[in-house]
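Today's notebook page is about aromatic rings. I wanted to see which of them pair up, and where they sit.

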Amino acid sequence: MERHPGAGERRRPHRVRRNADRAFRKLFQMMDAGFAVCELVCDGEGKAVDYRYVDVNPAFIRLTGLPTKNPAGRCRRELVSGQEPPALPVYERVVRTGQGECFCLSSDDGHRSLAVQAWREDAGRFAVFCTDISERRRIEK
């Protein structure tokens, strides 16, 4: 006798995927490390001049000191006017070459240091993962 999947069995993959999406979103919101997905903003000649936040977790906002709760859809220069977007040449290189990069960023006052990993997420987009290494830097000094 041939068995046909019931309605519950057909919905199972959708339910599993929905639960996995919820678990990922909760982790994204609760983790201590900063994470953001951004897209390059280029001028008419194709040179990167800024980047726009696509998705950002709360830790990224806290660690980077962004002046807003929800930067999604906004450009870095719009949020922090008068300041060159940090690591823009690195992010442009990551997007253009597809090679991820690791580097450190320090705040202007030198009190905060971040270890940053960046990789190409999609055409024109990059992802950033950062952790606070300020205490380690103070100990090293």
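Below are my entries on the aromatic pairs.

Entry 1, ground rules. I am working with a predicted model, where local features need pLDDT of at least 70, side-chain atom pairs count only at pLDDT 80 or more, and totals for chains, interfaces and linings use all residues. Residues are numbered from 1 along each chain as its sequence is written, and side-chain values use heavy atoms, with hydrogens and water left out.

Entry 2, the count. I looked up the aromatic pairs and found seven. Rings of Phe, Tyr and Trp (its six-membered ring) pair if their centres lie within 6.5 Å; planes under 30 degrees apart are stacked, over 60 edge-to-face, and the rest tilted.

Entry 3, F35 and W119. This pair is tilted, at 6.0 Å centre to centre with 45° between the planes. I noted that it links distant parts of the chain, since F35 is in strand 1 (residues 34–42) and W119 in strand 4 (residues 113–122), 84 residues apart. Strands here are DSSP runs (E, at least two residues), numbered from the N terminus. F35 is buried at 16% relative accessible area, while W119 is partly exposed at 32%. Buried means under 20%, exposed over 50%, and partly exposed in between (1.4 Å probe, protein chains only).

Entry 4, Y51 and F126. Their ring centres are 5.7 Å apart and the planes at 80°, so I logged the pair as edge-to-face. Y51 belongs to strand 2 (residues 48–56) and F126 to strand 5 (residues 125–132), so the pair ties together parts 75 residues apart in sequence. Y51 is buried at 4%, and F126 is buried at 0%.

Entry 5, the cluster. Y51 and F126 turned up again in one aromatic cluster, together with Y53, F60, Y91 and F103.

Key
Helix = DSSP H or I, 4+ residues; strand = E, 2+ residues; numbered from the N terminus.
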